[in-house]
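Reader: Could you walk me through this structure, starting with how two of its helices cross?

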Amino acid sequence: MTQQRPFFIPFLVPAVLVAVIFAAAMFNVFQYSFLEFVPGSVEVGGFTLDNFARINRPIYYWVLLDTFLLSFATAFFALVLSYPIAFAVVRAERNWVRSVLVVLAITPLFTGEIVRTYSWMLVLGTDGVINTTLKALGLIEGSIPIMYTRPGVVIALVQFAMPVMIILLATAISQVKRDCEKAAANLGATPNTVFWRVTIPLTMPGILSSFVVVFAWTMSAFSTPQLIGGGKVLMISNVVYLQGFSSFNLPFAAVLSLIALGAALGSLGLMKLATARFERKLATV
Amino acid sequence: MRSVLFWSAVVLILVYMTLPAVVVVATSVNPTELMAFPPTGFSLRWYEKALTYPDFQEAFKSSLVVMALSSTLATLLGSSFAFLIFHYKFRGRGLLEAALWSPLIIPHFTTGFGFLLLGSHLSLTQGYAVIVMAHLLLVTPFVTRAVFVSLSNVDTNYARAAANLGATPSEVLFKITIPLVLPGMIGGWLIAAILSLTEFTASLYVTASRTQTLPVAMYNYIREYADPTISAISALLILSTTIIMIVANHFLGLRRILGIDNG
């Protein structure tokens, strides 16, 4: 241990060790995607590219498209609903209001996906809160189907994504210089104009990055499509699980996992490019 | 911001966000087997059933073991790693950072699947080792971030002054740096513990029936039964996390930890 770098080695070794174990786990997924599937067995055969060829079927295209569209819709609605909350969390005048808002907005993040998904089953189900309320009000006769539909899955996924989105948007909003807004107001802009022409453009990098982060995270959602979709709405995670645990086709599950990973990394790469452009533009403001 | 329209929208959106939790708590005290909202009476029978159901008892023990080990190891690993990347530049640092941040981006089912395959190669599918390892990787980034933020906010002159006055590096670390970043370490440990306790997707892949964690046991129950037992457990989890969040907000300042304070 040199005097300039105390604790370098003892702090480095565990980090490297854990990183190597993780790399080994990921390498296993990569390796399995090239191994031959032996039907009826979890054992695998030799090297093959057949698993990748299997992707080339309409059903998998539909699953990928569905995953993409559901994630896009989720990110869009989450953005629209999260922005006002994030704005209120940062700008509310009273301290206790900000504290209440932040606790209410962030707590759902920590109750876990099973609890949240189950809660939505109670709200959206055939005899759930929405249906019984609408029936009691005499607005509908029979139950309207919300469970096992795409809108139902999106309703739950949006609430799921909002805490993360609120944190990211609130960070962006708290960095907006109030002077810019005040200057616009002094020059005669109405509060509405200030919001749409100053605040929104200044938080655009945050809007874009939170959109993509939520989009990427939703693409790997599992329990919500699994339980609320109930096999009628399939996202890529559900097919991975089916392939791995019902068909025991581990190699094909590995291929689909890699595709999901690639999609997540790809969208984050796009985000980097997009936000970099916006930040360059804003730097000149 | 005094606009009535704006605040009505905020309240409506918060109702949407909290409605499911309210419904769960309400149905958990309903005496009948069928779900009813608002509840038609008050009974604690589902709490009794939840707390005495053997699967949940076993699963809760597994969850506590995994949570204690993975969050504590994550605090040690995340803190030392934050210290490392805050203070030192070294060859391969970018690669190491990419490896330890990537569990945030990689889908949990890919991570779980990878550890399932790794565990079966090493014949470790029946024990806790693989579960703890998977959770450790998933929660460490949150500790690293919390401690890194704390380190950035600490005045490095304290450490330098102590060193100038003759303190050894160990004394500086344990008597100056660690006490100063302790709130970040505690906050990170808390987040890691909660995330481990509630982690489901990766756990579904790496747990065996003997080692299943609470969320996995809950998932298996939901698929077979429709009574409010799960409501009771969910209500307990929701109430305890809400209390933890309120306490954490009071002592550690959630907005400061999350970096969203109004400057």
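Author: Helix α5 of chain A passes helix α11 of chain B in a left-handed crossing, meaning that the near helix is turned anticlockwise from the far one by less than a right angle, whereas clockwise would be right-handed. Helices here are DSSP runs (H or I, at least four residues; strands are E, at least two), numbered from the N terminus. This is a predicted model, in which local features need pLDDT of at least 70 and side-chain atom pairs count only at pLDDT 80 or more, while totals for chains, interfaces and linings use all residues. Residues are numbered from 1 along each chain as its sequence is written, and chains are lettered from A and ligands numbered from 1 in the order in which they are written.

Reader: What angle do α5(A) and α11(B) pack at?

Author: Residues 113–124 of chain A form α5 and residues 229–252 of chain B form α11, and the two pack at an angle of about 125 degrees with their axes 10 Å apart. Axes are lines fitted to C-alpha atoms, for helices over the stretch in contact, and angles run from 0 to 180 degrees between N-to-C directions. The pair is therefore oblique, since angles under 35 degrees count as roughly parallel, over 145 as roughly antiparallel, 65 to 115 as roughly perpendicular and the rest as oblique.

Reader: And which residues in α5(A) and α11(B) meet?

Author: From α5(A) come A:Val115, A:Tyr118 and A:Ser119, which meet B:Ile230, B:Ser234, B:Leu237 and B:Ile238 of α11(B); contact requires C-beta atoms, placed from the backbone, within 7 Å. By class, this contact has 5 nonpolar, 2 polar and no charged residues (Ala, Val, Leu, Ile, Met, Phe, Trp, Tyr, Cys and Pro count as nonpolar, Asp, Glu, Lys and Arg as charged, and the others, Gly among them, as polar).

Reader: How many residues does each chain give to the whole contact?

Author: Chain B gives 68 residues and chain A gives 73. On the side of chain B that touches chain A, helix α1 (residues 4–28) gives the most, with 14 residues, and that side divides into 50 nonpolar, 16 polar and 2 charged residues.

Reader: Switching topic, how many helices and strands are in chain B?

Author: Chain B has 12 helices and 0 strands, and its C-alpha trace spans about 70 × 60 × 30 Å along its principal axes.

Reader: Is B:Ile178 buried or exposed?

Author: B:Ile178, in helix α8 (residues 169–198) of chain B, is partly exposed, because 13 other C-beta atoms lie within 10 Å; 20 or more would make a residue buried, and 12 or fewer exposed, with C-beta atoms placed from the backbone.

Key. Two residues are in contact if their C-beta atoms, placed from the backbone, lie within 7 Å.
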